[in-house]
Amino acid sequence: MITKCCNFRAILKIKEKKLTKISGVGGFVPAEKLTNADLEKMVDTNDEWIRTRTGIVERRILKTPGKATSDLGAEAVKDLLAKTNTDIAEIDLIICATVTPDMFFPSTSNLISHKVGGGEIPSFDIAAACSGFIYALQTGRQFIEAGTYKKVIVVGADKMSAITDYTDRNTCILFGDGAGAVLLEASDDDCGVKDIRIYSNGIGAETLYQKAGGSLNPASMETVKNREHFIYQDGKSVFKVAVKKMADVAAEIMERNNLTGDDVKWLVPHQANKRIIDATARRMNVTEDKVMINIQKYGNTTAATIPLCLWDWQDQLKKGENIVLAAFGGGYTWGGAYIKWAYS
Ligand code: UT7
């Protein structure tokens with residue numbers, strides 16, 4: 001009898017479990033642009049090569065002295081709070097995904113919280129490179145679904161210009177600065193985050209990384225002289241894995257949720273390279289008009305690319321639309337998500 005009663009309660013609990021919805025999107029990019037023409041004057045490159053090999057035309061760079069990733073993130077959060085008519089006092093948790101923290105500690109989310117008047121709100125960072133936003137979404141969603149918190153902000157923010165070597169043509173053409181933020185709340189219907197898959201494999205550690213500055217190679221005269229505090233990337237090697245894994249995880253998300261290309265209204269891909277995005281869309285059988293692409297405007301903003309797409313497209317998104325997110329980045333890390341959009 002007791003067992004039966006417990007089982008009944010467990011079933012009720014499962015039925016009561018609500019999805020997590022994204023109930024608002026905020027974003028911020030600095031005003032200053034770095035164009036392909038500007039880069040032509042800095043390194044041996046040209047507009048045609050950059051456009052055809054990457055799809056990038058210009059990027060935004062945060063040049064104001066004394067401003068960092070937390071300032072980008074704080075602006076995105078302020079935009080989010082204003083748009084959703086939310087007071088910061090209502091927020092239970094802030095999570096920030098970034099690979100360019102203002103400093104090792106305190107965390108960038110601590111600093112963002114302070115800049116937006118967060119008081120004693122708990123906050124922490126997630127380091128998963130270009131997949132950081134999907135990792136942070138998966139983390140934030142757990143707090144909502146467990147019933148621990150009511151309102152969680154997830155930020156993806158990176159000031160990539162701080163770790164970009166503007167003498168290295170292999171990498172300096174790729175990156176830009178920006179931040180996006182979303183508000184997570186419990187959903188009252190079947191719209192919300194339906195499924196997320198995240199993966200990592202440390203096999204990629206030395207193909208895309210910042211060699212020095214951490215506990216392995218602490219900063220020294222030598223590391224500075226050897227330019228080891230900047231991004232290093234073996235582009236070709238990363239490209240090969242990215243093209244496969246980003247498409248694989250998107251296809252996996254579709255299979256797990258019985259989605260065809262026609263069912264998907266929007267693909268929201270990480271913006272590292274237009275050719276990787278196109279390959280993912282082809283694999284998913286999704287036509288180009290349904291793919292959010294803003295790489296031409298912002299370049300690769302790492303953890304910010306996906307929320308910045310949602311920010312750019314927010315007026316076009318309608319309740320009930322099926323959205324697939326997909327990302328791949330350093331680590332390696334990769335991930336995908338299926339979201340039924342929750343508002344118009
Ligand atoms: O977001 C995190 C994950 N990252 C990625 O997903 C990025 C993956 N990788 C890529 O997107 C591409 O590999 C890059 C865009 C970085 C490079 O494109 P690629 O087609 O793989 O070019 P490559 O590195 O094989 O270089 C081809 C040629 C080389 O010359 P040679 O050796 O063939 O004579 C490079 O030296 O292009 C040269 N090159 C350039 N030429 C003009 C490399 N960078 C440049 C440049 N301008 N900026």
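This is a short dialogue on the ligand site, the two domains and the backbone of a predicted model.

Student: What makes Arg 53 a polar contact of the ligand?

Tutor: The cut-off is 3.5 Å between N or O atoms. A polar side-chain atom of Arg 53 lies 2.6 Å from a ligand oxygen atom. That is within the limit, so the pair counts.

Student: How do you know that Trp 49 qualifies?

Tutor: An N or O atom in the Trp 49 side chain is 3.3 Å from an oxygen atom of the ligand. With the limit at 3.5 Å, this pair counts too.

Student: Which part of Gly 235 lies 3.0 Å from an oxygen atom of the ligand?

Tutor: A backbone N or O atom of Gly 235. The protein buries 76% of the 950 Å² that the ligand exposes when taken alone.

Student: Which residues come nearest to the ligand?

Tutor: Thr 45, Arg 53, Lys 236, Asn 273 and Asn 300, out of 25 residues around the ligand. Each of the 25 has a heavy atom within 4 Å of the ligand, so each belongs to the shell.

Student: How many residues of that shell are nonpolar, polar and charged?

Tutor: Eleven are nonpolar, nine polar and five charged. Gly is counted as polar here.

Student: Which elements supply at least two residues of the shell?

Tutor: The helices α3 (47-54), α7 (169-172), α9 (235-256) and α10 (274-284), plus the strand β12 (322-329). The largest share, five residues, comes from α9.

Student: Why is the ligand said to lie between the domains?

Tutor: Because domain 1 (16-189) and domain 2 (193-340) both give residues to the shell around it.

Student: How many residues of each domain are in contact with the other?

Tutor: 53 residues of domain 1 touch 47 residues of domain 2. Contact here means heavy atoms within 4.5 Å. The domain centres, taken over C-alpha atoms, are 14 Å apart.

Student: What area is buried between them?

Tutor: About 4000 Å², with carbon and sulfur atoms giving 63% of it. Cys 130, Ile 134 and Tyr 135 supply 17% of the area that domain 1 buries against domain 2, more than any other three residues.

Student: What makes the peptide bond from Phe 105 to Pro 106 cis?

Tutor: Its omega is near 0°. Pro 106 sits in the loop between β4 (93-97) and α5 (108-115).

Student: Where is Tyr 332, and what is the omega of the bond from Gly 331?

Tutor: Tyr 332 is in the loop between β12 and β13 (333-340). The bond from Gly 331 to Tyr 332 has omega near 0°, and is cis.

Student: What is notable in the phi of Asn 85?

Tutor: Phi is near 55°, a positive value in a residue other than glycine. Asn 85 lies in the loop between α4 (69-83) and β4.

Methods: Residues are numbered from 1 along each chain as its sequence is written. This is a predicted model: local features need pLDDT of at least 70, side-chain atom pairs count only at pLDDT 80 or more; totals for chains, interfaces and linings use all residues. Side-chain values use heavy atoms; hydrogens and water are left out. A polar contact is a pair of N or O atoms within 3.5 Å; within protein, one must be able to donate a hydrogen and the other to accept it, and residues adjacent in sequence count only if both atoms are side-chain atoms. Accessible areas come from the Shrake-Rupley method with a 1.4 Å probe; for residues, only the protein chains shown count as cover. Helices (H or I, at least four residues) and strands (E, at least two) are DSSP runs, numbered from the N terminus. Domain bounds come from an automatic or database domain assignment. Buried area is the accessible area (1.4 Å probe) that two parts lose on being put together, summed over both.
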